[in-house]
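Reader: I am new to this structure and would like a close look at a single part of it, the nonpolar core. Please take one residue there as the starting point and work outward.

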Amino acid sequence: MGALEQVILDTLAQAGIYGPPVNIEKVLKVLGLDDIFIDYSKPPMGGTSLFFDDLKRKWRIRLLPSLPPERRTFDLAHECVEYLALREEFKGPHYQINEGAAELLIPRKWAEECIRKNGLDLFALKRLFSTASFDTCALRLLRLSPWPCTLVVVTENEKRVMGRKKKAGLSPDEEVFVNRAFRTLTPLLTSKGRKLLRSFPIPDEKRLKIKKAYIYVWDRI
């Protein structure tokens, strides 16, 4: 367990959070960051950020009012971890702050327990960690997978492949599965040799079509 990960777990305990889902408001309060500055300037100046308010003599978070709820939660978690890193004089690379935000919303220890009980099931993870977005849950499952894993996120306009070198690409069988998965509302599961492929479709509000699908390819060892 890394130093920052332990600080995050200690902070959750201080906030009285001992299991999912994580209430970000409790975390903000225990860190003294609950006095949020909602920036209504037009045009807004940048995005979510942590800053020291000279007038109030304390650290605050600047937030845009237009953020969708799930993005808002992740941004607040990110700034909480940014604050913890500053307070603890954490010297690691900045990309670890994003990973720390995911750790705050979906602690590794709790997520691994969910995986032990429910298997590699994105929907089960999302049900348990309901304050985290599907994107955050999907990336967390990718990071915590016990086998080498590729995650493909598909929308009508984009296909993103993560966890695999871009030059390698997807095999023809994997491409067929991905394209099929995006056309059905039903989650799919199939095996190809040592590969396990599973899809998690997210329908639109009227459940008429898929707006996004998360497809995992596990190379079982």
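Author:
**The core around Y214**

In this predicted model, Y214 touches L122, F134, D135, A138, L151, V152, V153, R198, S199, F200 and I202, leaving aside residues up to four places away in sequence. The list of partners includes nonpolar residues such as L122 and F134, along with D135 and R198.

Y214 belongs to the largest nonpolar core, which has 56 residues. Within that core, Y214 is one of five residues that touch the most other members, the others being L12, V27, L104 and Y216. The element that gives the most to this core is helix α3, residues 69–87, with eight residues. There is also a second core, separate from this one, made up of 13 residues, among them A181, F182, L197 and V217.

The setting of these cores is a protein of eight helices and eight strands. Of its 221 residues, 45% count as buried. Among contacts between residues at least 6 apart in sequence, 53% join residues at least 24 apart.

As for overall form, the C-alpha trace spans about 60 × 40 × 35 Å along its principal axes. The radius of gyration is 19 Å, which agrees with a compact globule, because a globule of 221 residues would have a value near 17 Å.

On the outside, the protein exposes about 12,500 Å², and carbon and sulfur atoms supply 53% of that area. The protein carries 38 positive and 28 negative charges, and the mean positions of the two sets are 5 Å apart.

Notes. Residues are numbered from 1 along each chain as its sequence is written. This is a predicted model: local features need pLDDT of at least 70, side-chain atom pairs count only at pLDDT 80 or more; totals for chains, interfaces and linings use all residues. Side-chain values use heavy atoms; hydrogens and water are left out. Helices (H or I, at least four residues) and strands (E, at least two) are DSSP runs, numbered from the N terminus. The radius of gyration is taken over C-alpha atoms; the globule rule is 2.2 Å times the number of residues to the power 0.38. Buried means under 20% relative accessible area, exposed over 50%, partly exposed in between (1.4 Å probe, protein chains only). Contact means heavy atoms within 4.5 Å. Accessible areas come from the Shrake-Rupley method with a 1.4 Å probe; for residues, only the protein chains shown count as cover. Lys and Arg count as positive and Asp and Glu as negative; His and the chain ends are not counted. The place of a charge is taken as NZ of Lys, CZ of Arg, CG of Asp or CD of Glu. A nonpolar core is a set of buried Ala, Val, Leu, Ile, Met, Phe, Trp, Tyr and Cys residues joined through side-chain atoms within 4.5 Å.
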